[in-house]
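Could you take a look at this model with me? Some questions and answers are waiting just below it.

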Amino acid sequence: MTQEADVTQGPLTTEAGAPVADNQNSETAGVGGPVLVQDQLLLEKLAHFNRERIPERVVHARGAGAYGTFTVTADVTRYTRAAFLSEVGKETETFLRFSTVAGNLGAADAVRDPRGFALKFYTEEGNYDLVGNNTPVFFIKDAIKFPDFIHTQKRDPYTGSQEADNVWDFWGLSPESTHQVTWLFGDRGIPASYRHMNGYGSHTYQWNNEAGEVFWVKYHFKTDQGIKSLTQAEADRLAGEDPDSHQRDLRESIERGEYPSWTVQVQIMPAAEAAAYRFNPFDLTKVWPHEDYPPIEIGRLELNRNPENIFAEVEQSVFSPAHFVPGIGPSPDKMLQGRLFAYGDAHRYRVGINAGQLPVNRPHATEARTHSRDGHLYDGRHQGAKNYEPNSFGGPFQTDRPLWQPSADFTAGTGDHEAPAHAEDDDFVQAGNLYRLMSEDEKGRLIGNLAGFIAKVSRDDIAERAISNFRRADGHFGKRLEAAVQALRG
Ligand code: HEM
């Protein structure tokens with residue numbers, strides 16, 4: 001977004017464009033007298049200032065963004081008909097917003113928390129948003145638990161602070177969180193910067209090809225800068241010394257021409273293999289082990305342009321997991337299904353019904369052609385065109401081709417069903433595998449990080465329930481953690 005030259009130079013004006021004579025002294029009735037209501041400049045400035053903020057994101061409030069380029073490096077046309085993936089060498093403009101999850105807008109960057117990795121591809125078939133994290137899994141597997149989960153991460157309604165009791169009470173009572181929590185308290189739990197971490201689509205998504213064949217995919221963005229993380233002690237210091245460390249690092253590296261990049265990979269599962277797979281392939285608390293579905297390199301993502309105005313382009317940016325393009329669609333993952341509603345709803349509240357028309361959000365390689373009209377800050381872009389369809393005036397028309405293939409195989413009636421169980425599904429097996437993969441040193445740091453936090457809870461039963469989940473993941477893990485917590489609690 002470039003500023004027009006005539007708004008940054010020349011005489012100062014009011015919002016209506018009239019020249020301003022004095023921007024230092026408000027108008028009074030005589031020298032030393034009261035201020036006059038006829039000083040419209042004063043009133044306009046105070047009123048505009050009062051309305052500068054919009055609601056911060058209810059999660060992921062703290063973040064930084066940059067524009068970039070996605071380049072296809074492998075032929076994936078047998079898996080998806082998405083136009084932006086149609087040719088090796090093809091480039092698509094992108095915008096990526098990184099974030100932390102729990103902190104408010106002004107929170108420090110160097111904290112133990114997942115990092116958001118929200119990526120918008122401005123494709124010629126519309127914007128495709130992949131709203132992921134720097135972790136391949138998540139804490140819960142059903143959207144109905146998300147508001148409760150986030151309440152435990154944010155400020156307690158009585159104390160106004162994040163409370164160890166709430167965090168560990170919820171995690172202890174939600175054993176499906178054990179895998180993600182083991183990940184979060186390990187070495188990758190505090191990235192050194194946004195550049196030195198991977199990104200993941202996390203959910204399973206549908207790809208479909210020209211012939212209508214369906215594949216389930218998981219996205220991986222592997223950092224080309226190498227993984228670098230902070231220890232808890234390093235992070236605690238940095239959070240105090242430079243609260244904006246991640247944001248600054250991203251902006252300055254792009255200003256220096258050191259463009260961060262990620263190698264993009266996908267794991268691909270033919271649809272017919274899903275039902276008999278050893279894990280539920282749509283369970284967000286599980287990975288697909290690489291020996292089952294090896295990641296295949298498909299592209300490269302580079303960030304190479306800073307936003308010019310943080311509010312306009314980062315604060316007002318909106319990303320939705322429901323923004324698909326032809327050839328890509330959702331899976332039946334119950335978390336993803338909930339997210340398909342939540343984001344658009346948040347955008348309508350936070351930015352407004354015309355959020356999609358803002359420069360950062362609107363399609364860049366095509367046009368949005370809808371029959372929706374009006375609402376706050378509608379810019380009249382459709383002029384006098386008809387606002388209904390079908391019509392006889394040559395307006396935009398439907399294509400009759402869905403973006404994704406229909407799901408099949410629903411045999412049961414409606415109900416509050418758990419997702420189907422697969423042979424090796426349980427809440428602990430992959431957490432245990434992750435623990436056993438760690439070096440002795442990393443295991444030690446993991447135990448120390450967990451114990452330091454669990455030791456802060458006020459009730460023994462909450463601490464014990466939290467520890468018991470890790471015990472079920474790996475007996476040795478549980479034993480060491482119990483001893484470490486006891487040593488701290490005395
Ligand atoms: C059912 C579960 C979830 C719900 C209901 C939910 C809801 C939300 C909402 C309401 C926002 C704020 C959006 C805005 O104001 O623009 C948000 C932001 C975000 N969420 Fe989720 N979320 C869920 C799970 C997840 C998961 C599993 C991931 C990652 C795999 C994720 C990644 C993000 C990211 C990266 C953002 C920030 C987007 C941005 O930069 O604007 N969320 N989420």
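Here is a short conversation about the ligand shell, the domains and two helix pairs.

Reader: Before we start, how are residues numbered, and what kind of model is this?

Author: Residues count from 1 along each chain as its sequence is written. Local features need pLDDT of at least 70, side-chain atom pairs count only at pLDDT 80 or more, and totals for chains, interfaces and linings use all residues, since this is a predicted model.

Reader: Which element supplies the largest share of the shell around the ligand?

Author: The shell has 27 residues, with His-60, Arg-97, Gly-116, Ala-143 and Ser-202 coming nearest (near means a C-beta atom, placed from the backbone, within 6 Å of the molecule or strand). Strands S2 (91-100), S3 (115-123) and S4 (126-133) and helix H8 (334-350) each give at least two residues (helices, H or I of at least four residues, and strands, E of at least two, are DSSP runs numbered from the N terminus). The largest share, eight residues, belongs to H8.

Reader: Which element gives the most to the side of domain 1 that touches domain 2?

Author: The domain assignment gives domain 1 as 63-136 + 194-357 and domain 2 as 140-173 + 428-490 (bounds come from an automatic or database assignment). In total, 14 residues of domain 1 are in contact with 10 residues of domain 2 (contact means C-beta atoms, placed from the backbone, within 7 Å). On the domain 1 side, the most, five residues, comes from H8.

Reader: Is H10 parallel or oblique to H12?

Author: The axes of H10 (residues 440-454) and H12 (residues 475-489) come within 9 Å and cross at roughly 45° (axes are lines fitted to C-alpha atoms, for helices over the stretch in contact, and angles run from 0 to 180 degrees between N-to-C directions). Under 35 degrees counts as roughly parallel, over 145 as roughly antiparallel, 65 to 115 as roughly perpendicular and the rest as oblique. That crossing angle therefore makes H10, relative to H12, oblique.

Reader: How many residues in the contact of H10 with H12 are nonpolar?

Author: On the H10 side, Ile-447, Gly-448, Leu-450, Ala-451, Gly-452 and Ile-454 take part, and they meet Arg-480, Leu-481, Ala-484, Val-485 and Leu-488 of H12. Ala, Val, Leu, Ile, Met, Phe, Trp, Tyr, Cys and Pro count as nonpolar, Asp, Glu, Lys and Arg as charged, and the others, Gly among them, as polar. Two residues of this contact are polar and one is charged, while the nonpolar ones number eight.

Reader: At roughly what angle do the axes of H2 and H3 cross?

Author: H2 covers residues 146-153 and H3 residues 164-173. Their axes come within 7 Å, and the crossing angle is roughly 145°.

Note on methods: Two residues are in contact if their C-beta atoms, placed from the backbone, lie within 7 Å.
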